[in-house]
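Here is a quick tour for anyone opening this structure for the first time. Have the viewer ready and follow along section by section.

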Amino acid sequence: MSIRPIFNSYPGLLSIYLHFPFCKNLCHYCDFYKEKFDFDAQNKFFHALHTETEMVLSAFETEPLNIASIYIGGGTPSMCDPALLEEWIHDINGYAAFLPGFEFTIEANPETLTEEFARRVFQAGINRLIIGSQSFSVSSLKLVGRKQRNKDIYQAFYNARLAGFENIGADLIFGLPGQTIKKLRTDIDRLTSLEPKHISFYQLTVEPGTLLEKNIESGAIVVPDDDACAEMYLLGSHLLHDKKYLRYEISNYALEGFESKHNSGYWNSTPYIGLGPAAHGFVNNQRYSNIADVDEYIRRIESGVLPIDFVEELSARDKLNEAILLSLRTTRGINKENLIREFGEPALSILESSSIAVYLNEGFLEVTDGYLKLTDRGFLVADKIISDLLS
Ligand code: SF4
């Protein structure tokens, strides 16, 4: 595939997502692309990544590139060899000018985050670290194939701080098998006592084709029902709010000033490039994704071809739908005036639709200072509301 159709002009500002495709252990609920970690495969991956990075960044024919944020996810990036990561960051530095307030995030699993790794990536310029803590209920985590001990979470925070990280975030999951309201309270108490700046609080989803789905279908595992999950979400939001973690998106909470800039970029349609297998990008009005197969990713790059597997040019209607979907998931909501100014009559017809009127009447949506937004009850059924509005 030619690179010109996507990277044909420099959009003036970019973010970068890197997908590190290896994990030590494969969790039963996960449908992200990943392979079991292997040193040799890691080396080959990084070798291909250098070439991909060079091919993509040089295609813009502009230097330096203004970079708003970088996010390294996976997979388990905290497993990678820090020397290989340092070399990749060096590649990026050769092209980039980092904007003030530049955010550079890496995800880490508690059991793999050593002090040495944290120190080296901090010194290489990474300034935000997300610890995949998920829960302190070891028995619930075990049922979904996650092998971590509570002391790993405490040690990971300790190692991160020792290395110099101040901007530390963490993940918290609800709806796990065996999880109760009481256990969720304990999770929130324990996690907030570690004082992360940011908490992603999200529901366990049963993705098609996962081992979790099979185990639920066979009756080997029972997860809390919808009502219990709704109760957990409302309680969790309330407890986090009490501890000064403000919800700014349906699953994201932060102390004031620590909202994720990278994720906010997705919601504001900041262009971003995706590197690594299965990574997604959005540049010059086109969404694309790389092939979700590390061997094929390497093979294509070695033969001088970008590993892009899917490209889609967004129509005006696609952009309107995305603007509604992404804005409505944020607590700020949709700026009605801006939406109508940008998209005209199709936006007006959605905003004046009978579906919106019904949801407003029933207290699932509200309008404040010109913003259409979900209420607390609305956040519980956000997917249904959004799909009704866009149908
Ligand atoms: S560690 Fe993360 S990416 Fe890896 S299998 Fe588990 S949930 Fe998926």
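Where does proline 64 lie? Look in the loop between helix H1 (39–59) and strand S4 (65–74). Keep in mind throughout that this is a predicted model.

## Two cis peptide bonds

Start with that proline. The peptide bond running from glutamate 63 to proline 64 is cis, and its omega is near -5 degrees. Most peptide bonds are trans.

There is another cis bond to find, this time from glycine 74 to glycine 75, with omega near 15 degrees. Glycine 75 sits in the loop between S4 and helix H2 (82–93). Both of these glycines also turn up in the set of residues around the ligand.

## Around the ligand

Which residues are around the ligand? They are Cys23, Leu26, Cys27, Cys30, Phe32, Lys34, Gly74, Gly75, Thr76 and Asn109. Sorted by class, this shell has five nonpolar residues, four polar ones and one charged one.

## A stop at helix H2

Helix H2 is also where you'll find glutamate 86. Is glutamate 86 buried, exposed or partly exposed? With 14 other C-beta atoms within 10 Å, glutamate 86 is partly exposed; the count would have to reach 20 or more for a residue to be called buried, and 12 or fewer for exposed.

Setting aside neighbours within four places in sequence, glutamate 86 is in contact with Arg120 and Ala124. You can also check its distance to glycine 125: the two residues are 39 apart along the chain, and their C-alpha atoms are separated by 9.2 Å.

## Two residues with a positive phi

Most residues other than glycine have a negative phi. Alanine 278 goes the other way, with a positive phi of about 70 degrees. Its place is in the loop between strand S11 (272–275) and strand S12 (280–283). Alanine 278 counts as buried because 21 other C-beta atoms lie within 10 Å, and the cut-off for buried is 20 or more.

Further along, asparagine 284 has a positive phi as well, near 50 degrees. This residue belongs to the loop between S12 and strand S13 (286–290). Asparagine 284 has 13 other C-beta atoms within 10 Å, so it comes out as partly exposed.

## Following the strands

S12 and S13 form a hairpin with two residues between the strands, and asparagine 284 is where the positive phi occurs in that hairpin. The two strands pair in the antiparallel sense over four bridges. To see how they line up, find glycine 281, which stands opposite tyrosine 288 in S13.

S13 also pairs with strand S14 (residues 308–313), again in the antiparallel sense, over five bridges. Here glutamine 286 stands opposite glutamate 313 in S14.

Later in the chain there is an open sheet of three strands, with antiparallel pairing and the order S15-S17-S16. Its edge strands are S15 (334–335) and S16 (365–368), each of which pairs on one side only. S15 pairs with strand S17 (residues 371–374) over two bridges, and isoleucine 334 has leucine 372 in S17 as its bridge partner.

## Two domains

How is the protein chain divided into domains? Domain 1 covers 14–267 and domain 2 covers 316–390. Their C-alpha centres lie 29 Å apart. Where they touch, eight residues come from domain 1 and nine from domain 2.

On the domain 1 side of this contact, helix H8 (226–242) and strand S9 (246–249) each supply at least two residues. By class, that side has six nonpolar residues, two charged ones and no polar ones.

## The whole chain

Now zoom out. The secondary structure of the protein chain comes to 16 helices and 17 strands. The radius of gyration is 21 Å, close to the 21 Å that the globule rule gives for 391 residues, so the chain is as compact as a globular protein of that length. Along the principal axes, the C-alpha atoms fill a box of roughly 55 × 50 × 45 Å.

Buried residues make up 40% of the 391 residues in the chain. As for contacts between residues at least 6 apart in sequence, 73% of them join residues at least 24 apart.

Notes. Residues numbered from 1 in each chain as written. Predicted model: local features only at pLDDT ≥ 70, side-chain atom pairs only at ≥ 80, totals over all residues. Near = placed C-beta within 6 Å. Nonpolar A, V, L, I, M, F, W, Y, C, P; charged D, E, K, R; others polar. Pairing = 2+ DSSP bridges. Domains from an automatic or database assignment. Contact = placed C-beta atoms within 7 Å. Rg over C-alpha atoms; globule rule 2.2 N^0.38 Å.
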